[in-house]
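Student: I'd like to learn how to read a fold like this one, feature by feature. Could you walk me through it?

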Amino acid sequence: MMVDAYAAGVNAFLATHRVLPIEFWLTGDRPEPWTPADTIGWIKMLAWNLGGNWRRELLRLQLAASLLPLAAFALQVGGARVAGETLVPPGASPHTYEPTPAQLRRLSRARVLVLNGVGLEFWADKVIAAAANPRLIVVRTAAGLPVLAGDADEPGGNPHVWLSPRDAIHQVEAIRDALIRADPADAPAYRANAERYAGELRALDREIRAAVATFRSRKFIAFHPAWAYFARDYGLAEAAVKLGRVALHVHDRPA
Ligand SMILES: [Zn+2]
């Protein structure tokens, strides 16, 4: 039990600091010869532990989000109360990605899994079953939003809702509710943070609306049909140029 608790603390530390591989820490197996960087890593980890940070880290709510924008939403709502990771690495395409075994192990201990939904996480059911974590709260943040038709690769509809600030507010509220379920004691903080961030998204919505009003043309070109919801909200016409399943950084950007 003690070892589990400590391993969780070290894992949480490594999730944010990446100093030493945890498998080495716990088993003593070293994949590579000792280097000066390892010594520095040890010193850093010791200093960090002596500062009491690992205990604080251990108390943070462990969370995983499929996409960077969803992780950003979760951090806005959770603040310092949550720690976790983005499953799809920056620059990678969520349309082809699947979680790694190491991510799966961390999911087996996490409290909240933030998904987009609308078929984007085609791996979700398999991964949730494999994580076998009865405490894991899974939130599909697009649930309840009107879904636009997708292309041939998107039979469930176009999943790119997070690129619309208005839909993003819905997703932020879904994350808020999931965090409250996982950690009811901190509900007032999650509500306040979500309200503040929704206010920022509403301001962004007004800003875009004002900018679009000055445009002479309402047509734009995108290399991936990602901006359909944005176009719908602001009266723009997207002429999508399909280049196959290309990894594009539109997925990495919060609305
Ligand atoms: Zn996409």
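Student: How close do the axes of α8 and helix α9 come, and at what angle do they cross?

Tutor: Some ground rules to begin with. This is a predicted model, so local features need pLDDT of at least 70 and side-chain atom pairs count only at pLDDT 80 or more, while totals for chains, interfaces and linings use all residues. Residues are numbered from 1 along each chain as its sequence is written. Helices (H or I, at least four residues) and strands (E, at least two) are DSSP runs, numbered from the N terminus. Axes are lines fitted to C-alpha atoms, for helices over the stretch in contact, and angles run from 0 to 180 degrees between N-to-C directions. In this case, the axes of α8 and helix α9 (residues 187-213) come within 9 Å and cross at roughly 175 degrees. α8 and α9 are therefore roughly antiparallel to each other. The naming goes by angle: under 35 degrees is roughly parallel, over 145 roughly antiparallel, 65 to 115 roughly perpendicular, and the rest oblique.

Student: Which residues of α8 and α9 make the contact?

Tutor: Two residues are in contact if their C-beta atoms, placed from the backbone, lie within 7 Å. On the α8 side they include P165, I169, V172 and L179, and on the α9 side Y190, Y197, L201 and I208 are among them. The residues of the contact of α8 with α9 divide into 14 nonpolar, no polar and five charged. For that split, Ala, Val, Leu, Ile, Met, Phe, Trp, Tyr, Cys and Pro count as nonpolar, Asp, Glu, Lys and Arg as charged, and the others, Gly among them, as polar.

Student: And how do the axes of α5 and α8 cross?

Tutor: Helix α5 (residues 68-78) and α8 have axes that come within 9 Å, with a crossing of roughly 55 degrees. That makes α5 oblique to α8. The crossing is right-handed; the rule is that the near helix is turned clockwise from the far one by less than a right angle, whereas anticlockwise would be left-handed. Among the residues that meet here are L70, F73 and V77 in α5, and A168, V172 and I175 in α8. The residues of this contact of α5 with α8 divide into eight nonpolar, three polar and one charged.

Student: Is α5 mostly covered or mostly exposed?

Tutor: Count neighbours: a residue is buried if 20 or more other C-beta atoms lie within 10 Å of its own, exposed if 12 or fewer, and partly exposed in between, with C-beta atoms placed from the backbone. α5 is mostly covered, with ten of its eleven residues buried. Those buried residues pack against β1, β2, β3, α8 and α9. Right after α5 comes G79, with a positive phi near 55 degrees.

Student: Now the sheet. What is the order of its four strands?

Tutor: Strands pair if DSSP finds at least two bridges between them. Here the open sheet runs β2-β1-β3-β4, with parallel pairing. β2 (82-86) and β4 (137-140) stand at the edges, each with a single partner strand, so one side of each is left without a neighbour in the sheet. Neighbouring strands of this sheet are turned by 20 degrees against each other on average, direction ignored. Helix α8 (residues 165-182) packs on the sheet, touching β1 (61-65), β3 and β4, and its direction makes about 170 degrees with that of β4.

Student: How many bridges join the strand pairs β1 and β2, and β3 and β4?

Tutor: β1 and β2 pair over five bridges, with A83 in β2 as the partner of Q62. Strand β3 (residues 112-115) and β4 pair over four, and L113 has V138 in β4 as its bridge partner. As for cover, four of the five residues of β1 are buried.

Student: Which phi value does V118 have?

Tutor: Most residues other than glycine have a negative phi. V118 has a positive phi of about 55 degrees although it is not a glycine, and its place is the loop between β3 and α7 (124-131). With 21 C-beta neighbours inside 10 Å, V118 counts as buried. A132 also has a positive phi, near 45 degrees, and lies in the loop between α7 and β4. With 10 C-beta neighbours inside 10 Å, A132 counts as exposed.
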